Amino acid sequence: MSRTALRICPLCEATCGLTLTVEGTRVTGARGDRDDVFSKGFICPKGASFGAVDGDPDRLRAPLVRRDGELREATWTEAFDAVAAGLRPVVERHGPHALGVVLGNPNVHTMAGALYPPVLLGALRTHSLFTASTVDQMPKHVSSGLLFGDANAIPVPDLDHTDHLLLLGANPLESNGSLCTAPDFPGKLKALKARGGTLTVVDPRRTRTARLADRHLAIRPGTDALLLAAMARVLFEEDLVALGELTPHVEGLDELAAAVRDFTPEAVAPACDVDAGTIRVLARELAAAPTAAVYGRIGSCTVPYGTLASWLVDVLNILTGNLDRPGGALFPQAATDRTPRPAGPGRGFALGRWHSRVRRHPEAKGELPLSALAEEIDTATEEGEPIRALIVVAANPVLSAPDGDRLDKALGSLDFMVSVDPYLNETSRHADVVLPPPPPSQSPHHDFAFNTLAVRNQVRYTRPAVPLEPGRMAETEILARLTLAATGMHGADPSAVDDLVIGQTLGKAVREEHSPVHGRDPQELAAQLTGDNGPERRLDMMLRLGPYGDGFGARPDGLSLARLLDHPHGIDLGPLRPRLPQPLKTRSGRIELLPGPIADDLPRLREGLRQRPDGLVLVGRRHLRSNNSWMHNVPALTGGTNRCTLHLHPEDAERLGVRDGEPVRVKGAGGEVTAPAEVTDTVRRGVVSLPHGWGHDRPGTRLRHAVLDPGVNVNQLLDGSLLDPLSGNAVLNGVPVEVAPVTEKLMPVTSAKP
Ligand SMILES: Nc1nc2c(c(=O)[nH]1)N[C@H]1C(S)=C(S)[C@@H](COP(=O)(O)OP(=O)(O)OC[C@H]3O[C@@H](n4cnc5c(=O)[nH]c(N)nc54)[C@H](O)[C@@H]3O)O[C@H]1N2
Ligand SMILES: Nc1nc2c(c(=O)[nH]1)N[C@H]1C(S)=C(S)[C@@H](COP(=O)(O)OP(=O)(O)OC[C@H]3O[C@@H](n4cnc5c(=O)[nH]c(N)nc54)[C@H](O)[C@@H]3O)O[C@H]1N2
Ligand code: SF4
Ligand SMILES: [Mo]
């Protein structure tokens, strides 16, 4: 007997609504939910393979605990006993910072990842926090923090209404979009063109997205900040600055004009390898378009000037009056956002409140660079204790962070490590305890993070499509129990964690004058919460306190969990709307166009004007059917063009004596790898490209399909020393490498130090 069930897809940032076919407890099919208020039936090949991802036989079914050096299946009680016994002595003996926490990307795709790590971190008070953000979007958080006073206030391009999109370092036709949640991003780009709008793509590769564009600029990697600074310079020089409605909310315009004066199109052109005339045209087009949005992603973030480029993206949106206006770039308003407080000065954004021990990297948003994780474990200093124990939730830094070999060894040297992960993979194989979450079909879903980045305000919630299998534990409960075990409350009822959060949140809300529940009794409010379990009650609370909420009766037609459950395909909350000045939390209460740390970093960009790298540089690429490091074990999603090959331009291939399909050696500061060459003119001259997330050839994993075609770990080419200084973000693109054919004398080398 088969039935259908709705489930929001957790496999990428697009958050499509799916209709799953379920037979017994197995998902046997997935199609786009045509009634979904947001995705309206869109689905991609990954979503269509939901059943295969969900039912992967290599997913762990029971916890693993290390005994006599070997990981063996154990009961949940044994596993959490081992976690408490492993973590607490480290904290008690060596202090809070000796216990590190690593949070990976899937945390933004699970309810558990949104609801529990903040509680865990609040209780642990460790400075040793590392997340996937510092190999991804930390530069955007820092630039938003500095400009708007809130690291999470990220403007999103209004894809459905803009007349002109300038897209840098993003390939949404393969990635399905990022920091811009939009089901059917490809369709939205086509619609933009169909309504007479224009698309410009800046990317060293002629990607599928670039092929859709009216104009494609194959920029030299790492130089976007120079290009954008020159565009700002042109806007000032040609009197094209038009702040419009933003005028009263902006300060620092004259200082900004002075700061970009040196970056003339002529000055940046040789470094960017984009001609000065084209840069002027780009600026004029941006200014002339009725509405326009500049949008930058991975290729503009994971580079040496990542924060500057991220800042300049918004600077251009501001200078052309496109920030916070329909058709431009706007701040979404999610249903679970905090109750908007009245506009006014805020506390601002601070960087470097503490530093990493070994190389003194400043923290950003409470995090240290993932690039520094290995040294923070393997290097003793006089500053304090190295990290001795690690909690890893949904992260595979051995493949996703620089210098996996060093990290691999460092993880092996820890006193204790616990991984919350469905797979025994390159990272979790070092754990002393592995706590496997159930597959997505058995988990509830709500997009706490991505709704704050969505191109349309909407809210959706799906309960588990399949009941928890016997012996399984919900990931929410796993993380609640882990929080208790790590903080000295092992054995307490996990609902205590939810009750604590509910009590604190309501207690605060009733004291806030702008809150719809101001002056009420928190216990009376808590008693009104509905939902089957702690996470649902927390969702109910957030919805009811939120900007569209029922305010616990204050706005009877507002949102609550009960109301949402009545709308299984979601509730549309309308297009993005202007919100300024409310989201601003700077000390001035205005947009601070030229913040101090940015001004201090501009001399480095000025030095970049002289940059003319003559050697090869490496960039990454994503494949539609892949996702970071963890989908290579699903046969339906591997093979074909989804392969770990080195793309290089025919002229470079010819010069180096490299032939298509033959193995080539790639050498970087961190090591050397060998991969098959794929000669293609989709990369520009001087640039080679390898995808990330590969290198499944380490022993002790259980990835039976992935090991058959393991690929190589591109991040072994990095030594972790190249960072964007303001954000601590790793430089993953525009990295100098040497490439040579594999000669007969040389053995193919995989992931080995040179
Ligand atoms: N060279 C290079 N490196 C890169 C990038 C690049 O472009 N180039 N991209 C970077 C980016 S943008 C990112 S976000 C990072 C990602 O880096 P990571 O977050 O470290 O890596 P992922 O491959 O996303 O895998 C995370 C882990 O989560 C596990 N997992 C999957 N689903 C769940 C779940 O539901 N619950 C739990 N608890 N675990 C789950 C997987 O098994 C895997 O072990 O990689 C970065 N690394
Ligand atoms: N299929 C698939 N989808 C995914 C993922 C995946 O691994 N696979 N990962 C998810 C994650 S975690 C993220 S963060 C998003 C990322 O989403 P996107 O940012 O869209 O990621 P990419 O597809 O890597 O696109 C980055 C582009 O930047 C280009 N580039 C490299 N260096 C430079 C440069 O210096 N300047 C410019 N202008 N361009 C440059 C690259 O050639 C590449 O085409 O994708 C998400 N979606
Ligand atoms: S685009 Fe993303 S969210 Fe939509 S079906 Fe594909 S993987 Fe899932
Ligand atoms: Mo990412």
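Hi everyone, this is a short walk through one predicted protein model and its three ligand sites.

A word on the ground rules before we start. Because this is a predicted model, local features need pLDDT of at least 70 and side-chain atom pairs count only at pLDDT 80 or more, while totals for chains, interfaces and linings use all residues. Residues are numbered from 1 along each chain as its sequence is written, chains are lettered from A and ligands numbered from 1 in the order written, and side-chain values use heavy atoms, with hydrogens and water left out.

Let's take the overall fold. The protein chain has 25 helices and 28 strands, counted as DSSP runs numbered from the N terminus (helices are H or I, at least four residues; strands are E, at least two). Its radius of gyration is 25 Å, close to the 27 Å from the globule rule for 754 residues, so the chain is as compact as a globular protein of that length. That radius is taken over C-alpha atoms, and the rule is 2.2 Å times the number of residues to the power 0.38. Buried residues make up 61% of the 754; buried means under 20% relative accessible area, exposed over 50%, and partly exposed in between, with a 1.4 Å probe and protein chains only.

Now to ligand 2. Around this ligand sit 31 residues, and the closest are S175, D203, G222, D224 and H623; to be counted, a residue needs a heavy atom within 4 Å. What does D224 do here? A polar side-chain atom of D224 lies 2.6 Å from a nitrogen atom of ligand 2. R622 brings a polar side-chain atom to 2.9 Å from an oxygen atom of the ligand, and G299 places a backbone N or O atom 3.3 Å from an oxygen atom. For such polar contacts I use pairs of N or O atoms within 3.5 Å; within protein, one must be able to donate a hydrogen and the other to accept it, and residues adjacent in sequence count only if both atoms are side-chain atoms. The protein covers 98% of the 920 Å² of accessible area that ligand 2 has on its own, by the Shrake-Rupley method with a 1.4 Å probe; for residues, only the protein chains shown count as cover. Helix 7 (172–175) and helix 14 (298–301) are the elements giving two or more residues to this shell.

Over to ligand 1, which is surrounded by 28 residues, the closest being N105, S400, D421, N425 and S629. A polar backbone atom of N396 is 2.8 Å from an oxygen atom of ligand 1. On the nitrogen side, a backbone N or O atom of V420 lies 3.1 Å from a nitrogen atom of the ligand, and a side-chain N or O atom of H692 is 3.4 Å from a nitrogen atom. Here the protein covers 95% of the ligand's own 920 Å² of accessible area.

Ligand 3 has several cysteines around it, including C9, C12, C16 and C44. N176 is also one of its surrounding residues.

One last residue to look at is N713, in the loop between strand 25 (687–689) and strand 26 (723–724). Is N713 buried or exposed? N713 is buried, with a relative accessible area of 0%. Its side chain reaches the backbone oxygen of V398 at 3.2 Å, and a polar atom of that side chain lies 2.9 Å from the backbone nitrogen of N715.

Thanks, and I'm happy to go back to any of these sites.
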